[in-house]
Amino acid sequence: IYVILTLYWIHTCGKGFSDLWKYALAALLVFYATSSFNPQYFAWFTPFLAIAIAKYPELRRLHLLQILCFVFYTFYWKRPLAGWLFASVDPSFFLKLLSPAELIDFFYPSYTIISVFRTILSGISLYMVLILARSREGR
């Protein structure tokens with residue numbers, strides 16, 4: 001997929017760098033949509049997304065949905081991304097704190113909920129790639 005994106009960018013954009021941010025954003029969005037990524041990787045596309053939202057305001061709502069889905073996606077890592085981040089403040093409290101996934105498990109399997117939001121995150125990311133591709137074609 002990344003080779004196809006690279007070839008597409010080289011073919012359509014030539015040697016200029018004016019649309020390089022679109023290619024970088026599209027490549028990262030495809031990565032997020034098709035792989036299991038560590039939550040810290042999600043910050044990589046922030047500079048490119050800022051440029052994209054400035055040029056295409058319709059991406060703002062999609063990104064807000066991405067953020068909502070991303071929050072649920074972080075539940076997959078349970079306690080390390082929930083309470084343990086704050087353990088230096090008060091270890092006796094935060095190390096015993098249940099993660100959101102463990103709280104959801106009382107009512108419904110958390111992996112099902114996380115998977116649904118992960119699927120929505122993938123769909124939104126691919127839709128954003130489509131918007132970027134169409135903007136290059138002038139549609």
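These are my notebook entries on a predicted model of a single chain.

**Entry 1. Overall fold**

I began with the secondary structure. The chain has 7 helices and 0 strands, and its pattern along the sequence reads α-α-α-α-α-α-α. I then looked up burial and found that 39% of the 139 residues count as buried. The accessible surface comes to about 8600 Å², and carbon and sulfur atoms account for 70% of that area. For contacts between residues at least 6 apart in sequence, I noted that 64% join residues at least 24 apart.

**Entry 2. Nonpolar core**

Next I asked which residues have the most contacts inside the largest nonpolar core. They are Leu25, Phe45 and Leu59, in a core of 31 residues. At least two core residues come from each of helix H2 (20-34), helix H3 (46-55), H4, helix H6 (100-104) and H7. H7 gives the most, with 8 residues.

I followed Leu25 further. Apart from neighbours within four places in sequence, Leu25 is in contact with Phe45, Phe48, Leu49, Ala52 and Leu132. Leu25 is itself one of the buried residues of H2.

**Entry 3. Helices H2 and H4**

I checked the span of H2. Its 15 residues reach 21 Å from first C-alpha to last, close to the 21 Å expected at 1.5 Å a residue. H2 is mostly covered, as 12 of its 15 residues are buried. Among them are Trp21, Lys22, Tyr23 and Leu29.

I made the corresponding check on H4, residues 59-74. This helix has 16 residues and reaches 22 Å, close to the 22 Å expected at 1.5 Å a residue. The buried residues of H4 include Leu59, His63, Gln66, Cys69 and Thr74. Leu59 had already come up in the core, where it was listed with Leu25 and Phe45.

**Entry 4. Ser125**

I turned to Ser125, which is placed in helix H7 (residues 110-137). Is this serine buried or exposed? Ser125 has a relative accessible area of 0%, and it therefore counts as buried, the cut-off being under 20%.

I then looked for a polar partner. The side chains of Ser125 and Gln66 are joined by a polar contact of 3.1 Å. Gln66 is among the buried residues of H4. Not counting residues up to four places away in sequence, Ser125 touches Leu29, Tyr32, Ala33 and Gln66. Leu29, Tyr32 and Ala33 appear in the list of buried residues of H2.

**Entry 5. Ser110**

I looked up a second serine of H7, Ser110. Ser110 is buried, with a relative accessible area of 1%. Leaving aside neighbours within four places in sequence, its contacts are Ala101, Ile104 and Asp105.

**Entry 6. Salt bridge**

How many salt bridges does a search of the whole structure find? The search finds 1. Arg79 forms a salt bridge with Glu102, and the closest N and O atoms are 3.0 Å apart. The pair links distant parts of the chain, 23 residues apart: Arg79 is in the loop between H4 and helix H5 (91-94), and Glu102 is in helix H6. I recalled that side chains of opposite charge can pair when their charged atoms come close.

I also looked up the exposure of both partners. Arg79 has a relative accessible area of 22%, so it is partly exposed. Glu102 is likewise partly exposed, with a relative accessible area of 21%. I noted that buried requires under 20%, and therefore neither Arg79 at 22% nor Glu102 at 21% meets that cut-off.

Terms used: Residues are numbered from 1 along each chain as its sequence is written. This is a predicted model: local features need pLDDT of at least 70, side-chain atom pairs count only at pLDDT 80 or more; totals for chains, interfaces and linings use all residues. Side-chain values use heavy atoms; hydrogens and water are left out. Helices (H or I, at least four residues) and strands (E, at least two) are DSSP runs, numbered from the N terminus. Buried means under 20% relative accessible area, exposed over 50%, partly exposed in between (1.4 Å probe, protein chains only). Contact means heavy atoms within 4.5 Å. Accessible areas come from the Shrake-Rupley method with a 1.4 Å probe; for residues, only the protein chains shown count as cover. A polar contact is a pair of N or O atoms within 3.5 Å; within protein, one must be able to donate a hydrogen and the other to accept it, and residues adjacent in sequence count only if both atoms are side-chain atoms. The expected span of a helix is 1.5 Å times one less than its number of residues. A nonpolar core is a set of buried Ala, Val, Leu, Ile, Met, Phe, Trp, Tyr and Cys residues joined through side-chain atoms within 4.5 Å. A salt bridge is a side-chain nitrogen of Lys or Arg within 4 Å of a carboxyl oxygen of Asp or Glu.
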